[in-house]
Protein chains: 2
Amino acid sequence: MKAIVVSIGDELVLGQTVDTNSSWLSRELASVGIAVVEHITVADDSAAIEAAISGAAMRCDLLLINGGLGPTKDDLTREALTRALNAPLELNADWLRRLESFFAQRGRPMPQTNRVQAMIPRGARLLDNTAGTAPGIDADFTGGGTSRSCRIFAMPGVPSEMKLMFQKSVLPHLAQMGAGTDAGTDAGAVILSGTLHTFGVGESTIGEQLGDLMDRRRNPSVGTTVSSGVVSVRINARFAHRDAARAELEQTAGLCRDALGDLIYGSDEQTLASVVADLLTADKVRTVATAESCTGGLLAKMLTDIPGSSGYFQKGWITYSNQAKTELLDVAPQLLAQDGAVSESVVRAMAQTARQKSAADFALAISGIAGPDGGTPAKPVGTVCIALAHAQSVLARTFHFPGDRQTIRDRSAKMALTLLRFHLLGKPAPF
Amino acid sequence: MKAIVVSIGDELVLGQTVDTNSSWLSRELASVGIAVVEHITVADDSAAIEAAISGAAMRCDLLLINGGLGPTKDDLTREALTRALNAPLELNADWLRRLESFFAQRGRPMPQTNRVQAMIPRGARLLDNTAGTAPGIDADFTGGGTSRSCRIFAMPGVPSEMKLMFQKSVLPHLAQMGAGTDAGTDAGAVILSGTLHTFGVGESTIGEQLGDLMDRRRNPSVGTTVSSGVVSVRINARFAHRDAARAELEQTAGLCRDALGDLIYGSDEQTLASVVADLLTADKVRTVATAESCTGGLLAKMLTDIPGSSGYFQKGWITYSNQAKTELLDVAPQLLAQDGAVSESVVRAMAQTARQKSAADFALAISGIAGPDGGTPAKPVGTVCIALAHAQSVLARTFHFPGDRQTIRDRSAKMALTLLRFHLLGKPAPF
């Protein structure tokens, strides 16, 4: 069963509101085994809405519409849907009474404009709205002269009203249509998803290491996405039965883990900081201090994003200027003059002093050129030195991160966490 | 000129990632007078991408595609676009060299899979990517046998790469195509938008103060949106001519400023930190130091988000534990025992010492309970004390922020910036 979600509203196509209804509906449908293949968003324009509905209904079995059911002049979904269905609009007397009593309960007369909300195309059914005045519409589309048929549910655009209506009035119909059952037909398959996260190597390298696992015809399917430098491996398992989907998902996740090894730092909701926090507190608690220049507090912010971070984090320094590095972290002025603030020798010194002054088990130090200014031919924007001090010695590395200021700062902090992660795993970092 | 945005990715149609690229592109296009009439999101499916491109190109003048340009097997936009254009795919030798040098600079061999990123449809042009390896594609679609033509720009799906490419390589072409000109026809009506930002009071208060300016029938229209605690006032002016739109936009913005006064901290791309940075460096440069407990570096991170922040920011301390507050910032253990770490007396002491030790003109200190644990009946989660030390004295305030850990930390840092902003304006903070 293929589904399409159509969202309606000027504020969406003009970019003033980010559409979150479509992704919410997609997740709900996936959980009952229905694959959404397309999202379409159109303006409050009657002809455009009609064209979107007619076109989409020809290429899917289930069409979920949200938005444009309100009482005002810019709510045009009812009218457009009626034309797409080629049926006359009729007054539903039951719903008119419901509307009148809704307003009566609030001690207000019903505005005339609300009367239109009791009108639906002939042959369609109303969907209850327990949170507002706009009922939904449940209709059957039969394609012009073909055997094509598509079930259409039109819901309000207000997220809270849409979600309630979907759960109370749409989901039960989908179950009747065979979704999410263990019937084992194609129509009622279950989709389970899982995600593995990596940081430090590019999407193409991850893709090469995954090899045939990424074959487009594979089920479970394996795909990669990139977000803020994190390359994630997304696995979608579509099977007739939930148990089979879960077992296949786990088996494919295992194959991905085999292919990528320690490049995978976590799964699903885990972040680099949460994984480092787990490693720091796994047996006995160990602590980490920070000494930051170009990241300006971002590394410490990431470490303290995690509830309970006071267990492993107590002290951090932000030494943005050379003078600050000398005054707060005893970096010798000669060293700064000789090697420059962005050098492995300087971050080594920063990390060592931070570790001593904090009495932490580990200290991470970062100094780099986040740009847009400050680059030189020898040290262009994106050059970042990171050091990790621990009881035995100090590790220092130089990186070259592409991107803008925000990107360079983000990657620098994540790489510092990654160096600590590999150290805590007792393995050399592969960078 | 009508535009359509097509976004590509399984993660989008399955609802695992919310599409924010489409709304960002819509806002950018609106600001140069191009109305986006539709967003389409399709899966990583070659036939579906081709159908979406071919269909959309027949009903718009400008098609912006994002996603599916990476080097892996699930990146299918290049291939689908090539088929939609009915042109052969050719290797671009220049870009192949660019790719090879991109990897060479990072001391790594180029994976074979990346070679495909140097392939484009014959007749198309490459768009530079300064942040990654996927170049964009600039192509002309001419409809089968009709006089229809549509300019197509395909960009990467990674938001930071897409935004940079749009601004650097797509926007200049749009200007050449006549966007934002004074053509003045209905088809080319100009939409100019402006946004004013406030922080510290709720959306309903802002709405009340704006009053009739928010009437739905007004043009320019005035609406409010909330994002991360910032209540923004969005003004959209739709007029036939650019000059009229600009004049009306400015006039309405002036009325909003009259209604909200100093609650407005900035407009459009300005952030609280950028506005504070501007105030700190307006006449002679003044400097600020930070002393953070619950925000764990977030305040310093915000201050150093701004290019050139080394002018006004040099030193910060993160004193997450009581011991750290005593050892690094000389907070008396008796004070901590008596008033608690989250108290106005403690943040006063933190701010004063940070100011002395840094020799900065100002110091901001934050201590609070970000949760989820650590709250008490007297000091529930969300209780945050903030101090501002300056040459004359120390100001301290206690706030109660609702929300989760991340929200409380974010609001705390923004409120600290806000206190400094009002001090720099020479006005008392209205909180």
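pLDDT is the predictor's confidence in each residue, on a scale from 0 to 100. The exercises below concern a predicted model.

**Exercise 1. Confidence and domains of chain A**

Task: State the mean pLDDT of chain A, find where pLDDT stays under 50, and place that stretch against the domain bounds.

Solution:
1. The mean pLDDT of chain A is 91, and 97% of its residues reach 70 or more.
2. Over residues 180–187 of chain A, pLDDT stays under 50. The model has 15 contacts beyond four places in sequence for this stretch.
3. The domains of chain A are domain 1 (2–176), domain 2 (189–267) and domain 3 (272–425). Residues 180–187 therefore fall between the bounds of domain 1 and domain 2.
4. Between the C-alpha centres of domain 1 and domain 2 of chain A there are 35 Å.
5. For the complex, the predictor gives an ipTM of 0.78 and a pTM of 0.78.

**Exercise 2. The contact between the chains**

Task: Describe the side of chain B that touches chain A, and identify the partner of strand β14 of chain A across the contact.

Solution:
1. Chain B contributes 65 residues to the contact and chain A contributes 64 residues.
2. Elements of chain B that each supply at least two residues to its side include α2 (21–31), β2 (35–42), α6 (159–176) and β14 (313–319).
3. By class, the residues on that side are 26 nonpolar, 25 polar and 14 charged.
4. Strand β14 (residues 313–319) of chain A pairs with β14(B), in the antiparallel sense and over five bridges.
5. Within this pairing, Lys315(A) has Thr319(B) as its bridge partner.

**Exercise 3. From strands to core in chain B**

Task: Trace the pairing from β6 through β7 to β8 of chain B, then find what Leu63(B) touches.

Solution:
1. Strands β6 (residues 125–127) and β7 (residues 136–142) of chain B run antiparallel and are joined by three bridges. Leu126(B) has Ile137(B) in β7(B) as its bridge partner.
2. β7(B) is also joined to β8 (residues 149–155) of chain B, by six bridges and again antiparallel. Here Ala139(B) is matched with Ile152(B) as bridge partner.
3. Ile152(B) is among the residues touched by Leu63(B), as are Ile4(B), Val6(B), Ile53(B) and Cys150(B).
4. The largest nonpolar core has 244 residues, of which Leu63(A) and Leu63(B) touch the most other members.
5. A second, separate core has twelve residues, including Ile206(B), Ala237(B), Ala245(B) and Leu249(B).

**Exercise 4. Burial of a charged residue**

Task: Decide whether Arg411(A) is buried or exposed, and name the residues that Arg411(A) touches.

Solution:
1. Arg411(A) sits in helix α14 (residues 405–425) of chain A.
2. The cut-off for a buried residue is 20 or more other C-beta atoms within 10 Å. Arg411(A) has 23, so Arg411(A) is buried.
3. Not counting residues up to four places away in sequence, Arg411(A) touches Gly229(A) and Phe401(A).
4. Gly229(A) is 182 residues from Arg411(A) in sequence, yet their C-alpha atoms are 6.7 Å apart.

**Exercise 5. Backbone geometry in loops**

Task: Locate the cis peptide bond before Pro220(B) and the one before Pro372(B), then classify Asn86(B), where phi is positive, by exposure.

Solution:
1. The bond from Asn219(B) to Pro220(B) is cis, with omega near 5°. Pro220(B) lies in the loop between α7 (203–210) and β10 (221–227) of chain B.
2. Gly371(B) and Pro372(B) are also joined by a cis bond, with omega about 5°. The loop holding Pro372(B) runs between β15 (362–368) and β16 (383–389) of chain B.
3. Asn86(B) has phi near 60° and belongs to the loop between α4 (77–85) and β4 (89–91) of chain B. With 11 other C-beta atoms within 10 Å, Asn86(B) is exposed.

Notes. Residues are numbered from 1 along each chain as its sequence is written. Chains are lettered from A and ligands numbered from 1 in the order in which they are written. This is a predicted model: local features need pLDDT of at least 70, side-chain atom pairs count only at pLDDT 80 or more; totals for chains, interfaces and linings use all residues. Two residues are in contact if their C-beta atoms, placed from the backbone, lie within 7 Å. Helices (H or I, at least four residues) and strands (E, at least two) are DSSP runs, numbered from the N terminus. Ala, Val, Leu, Ile, Met, Phe, Trp, Tyr, Cys and Pro count as nonpolar, Asp, Glu, Lys and Arg as charged, and the others, Gly among them, as polar. Two strands pair if DSSP finds at least two bridges between them. A nonpolar core is a set of buried Ala, Val, Leu, Ile, Met, Phe, Trp, Tyr and Cys residues joined through C-beta atoms within 7 Å.
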